[in-house]
Amino acid sequence: MNKPKVTTSLVTWRFALVCVLLVMVFLTLVARAAYLQVIEPDKAREENAKRTVRVEKLKVQRGMIFDRNGKELAVSVPVVSVYADPKALDKSIAKKVLKAARKQGEDYKALATNEAEMTRRKQAWYANELRWRELADVLQIKNEEVDSRLRNDPSRRFVYLKRQVTPAVANYIRQLRLPGIHLLDESKRFYPSGEVTAHVLGFTNIDGKGIEGIERLFETALTGAEGKRTVRKDARGREIQVLSEEQRVEPENIELSIDLRIQAIAYRALKSAVLSYKATSGSAMVVDVRTGEVLAMVNSPSFNPNDMSDAAPYKRRNRAITDLFEPGSTLKPLAVLAGLDYGAIEADEVIDTYPGWMRLGGSLVQDTINHGEMTLREILKISSNMGVAKISQMLPKDYMVGLYQKVGFGEDTGTMMVGESSGLFYPNRRWSDFEIATLAYGYAVSASTAQIARLYSVFGSGGILRPLTILKQKTPPPGERIFKKEDVHAVVEMMESVFEKGGTAANVKVDGYRAAGKTGTSEKAIAGGYGDEYVGYFAGVAPVSDPRLAVVVMVNEPGGDVYYGGHTSGPAFAEIMSNALRILNVAPDKDRVAYISESGNES
């Protein structure tokens with residue numbers, strides 16, 4: 001009678017144990033769920049996001065740079081870069097080593113735990129694979145360098161092998177099917193006009209960041225900003241939800257005031273002058289006097305921004321805005337204009353320069369010969385130091401110095417170009433009579449080619465000062481009138497005499513146009529005085545009947561015995577001015593053919 005009772009008691013005990021276990025499991029699951037959902041939900045979300053959430057970047061190409069007529073000066077072209085994932089490569093090699101060991105009947109599990117042996121075998125497998133040698137050859141990189149990047153640190157996840165390879169190289173690497181080697185789509189900056197616009201545009205580094213010139217000046221505008229799109233995907237990679245989206249900021253395109261046609265003509269003429277006279281360097285600028293727009297800014301020597309292997313630092317310098325020299329006789333028209341503006345002289349004034357020299361404060365001012373009495377036109381025609389020095393002594397020092405400051409010496413021209421120098425001019429110091437005289441004929445002040453171009457744009461505009469600009473202007477800026485129109489016009493007509501027989505540029509003729517110009521030849525300053533090197537200038541405006549362009553040409557340190565500005569810079573000035581005016585469809589106002597004669601006076 002007792003056995004059935006024992007059986008019933010055992011069954012009840014087992015049932016109770018199962019129930020308790022089920023309850024404990026259920027409570028454990030509930031507790032774990034509560035822990036993950038309430039106490040520490042971020043970790044669960046993070047793990048889920050790793051499997052389902054993807055962030056897609058919306059890339060933007062760098063903006064383009066155009067000349068004033070819409071011609072492309074800088075564009076971005078698609079290229080491919082080669083990079084490696086050393087960690088993925090190491091895992092792939094390890095897998096192949098273990099697979100080979102298993103085929104040979106080895107204990108591959110024990111081998112996997114033997115770090116030293118695995119390292120040796122992985123290196124042996126890598127060394128026996130000829131495709132790595134092919135990779136080094138096609139990338140034109142030494143084998144040792146490729147080995148170092150791939151194998152020295154297997155924990156790395158990204159290392160560039162070579163940036164911006166050609167499509168043919170990328171296709172060859174793709175066919176090699178090397179583990180851990182990947183191709184990355186990028187863009188590369190390309191400059192169609194090469195060395196012609198190199199100094200204006202500058203260049204970008206390999207990561208597409210502007211380093212010099214316009215590329216650096218407008219870096220933010222040209223770059224824009226990448227967009228970002230965060231989405232959720234299912235196990236099959238299908239997009240099921242857009243979590244967030246940031247619109248990309250499209251880059252701006254920059255439209256320069258540069259006219260590529262005039263730029264090319266100016267570069268060709270300047271380069272020819274520098275090579276012909278064996279000069280160390282040179283620069284030239286063309287400015288539209290009505291707007292202050294820079295139509296051309298060139299330098300020699302130049303460089304090819306598409307291939308920086310031969311771009312030495314001295315070639316990359318934009319000499320038109322950085323290099324400073326005393327302008328010499330190119331400032332003499334300003335001294336004459338100062339006398340007219342102050343009222344110390346009249347346009348038909350006669351200046352007595354007898355006996356051809358004078359002493360000011362113990363220092364000597366002189367001409368090469370005694371010219372006696374001269375009109376203002378004759379003073380500019382033969383470039384008389386005595387003539388402009390005499391005029392300068394008729395003016396108050398404060399007025400004379402203030403006038404040179406007013407026309408822009410000692411300040412930037414307004415281009416905003418990277419590296420532009422404001423020149424060397426100290427108006428607030430005490431000026432002696434001799435220093436004022438030297439200022440009148442272009443010494444005691446150092447200026448860039450751009451500053452001289454700005455001065456001559458004042459002559460061309462009839463006395464209106466405008467800042468120079470490298471950007472195309474929709475409407476001309478109003479500018480500031482600093483001289484009377486009739487005084488400026490009188491000086492411009494006087495400057496025509498420079499091209500006449502007996503003038504300092506009688507060997508230069510501008511094809512079809514009346515031109516007003518001034519030669520300049522200045523000695524280069526050295527420690528303690530002046531050396532035996534020279535800088536040759538030619539600056540002027542045309543056509544005289546209604547000036548449109550101001551052109552300045554500078555040739556630095558010409559070699560040989562010919563160093564006067566009329567010879568070294570004059571022919572380039574004539575070529576640039578006549579061709580630029582024709583390109584702009586400016587009607588000729590003089591029916592003469594450009595030529596270079598063998599005789600002529602110098603300045």
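Which residues make a nonpolar surface patch of about 510 Å²? In this predicted model, the patch is built from Trp13, Leu17, Val20, Leu21 and Met24. One of these residues, Val20, sits in helix α1, which covers residues 3-39. Val20 has a relative accessible area of 45%, so it counts as partly exposed: the label "exposed" is kept for values over 50%, and "buried" for those under 20%.

Zooming out, the protein holds 23 helices and 21 strands. Of its 603 residues, 48% are buried. The protein as a whole exposes about 30300 Å², and 52% of that area comes from carbon and sulfur atoms. As for how the chain meets itself, take the contacts with a separation of 6 or more: 71% of them link residues that are 24 or more positions apart.

Strand β19 gives a picture of the inside. This strand spans residues 516-526, and 8 of its 11 residues are buried, so the rest of the structure largely encloses it. Its partner is strand β20, made of residues 529-542; the two run antiparallel and are joined by 10 bridges. Within this pairing, Gly520 stands opposite Tyr537 of β20. Together β19 and β20 form a hairpin, with just 2 residues between the strands. Gly528 is in that turn and has a positive phi of about 90°.

Note on methods: Residues numbered from 1 in each chain as written. Predicted model: local features only at pLDDT ≥ 70, side-chain atom pairs only at ≥ 80, totals over all residues. Heavy atoms only, no water. Buried < 20%, exposed > 50% of the residue type's maximum accessible area, 1.4 Å probe, protein only. Helix = DSSP H or I, 4+ residues; strand = E, 2+ residues; numbered from the N terminus. Pairing = 2+ DSSP bridges. Contact = heavy atoms within 4.5 Å. Areas by Shrake-Rupley, 256 points an atom, 1.4 Å probe, with all protein chains shown as cover. Patch = residues over 30% accessible without salt bridge, like charges linked within 9 Å, V, L, I, M, F, W, Y side chains within 5 Å. Salt bridge = Lys/Arg side-chain N within 4 Å of Asp/Glu carboxyl O.
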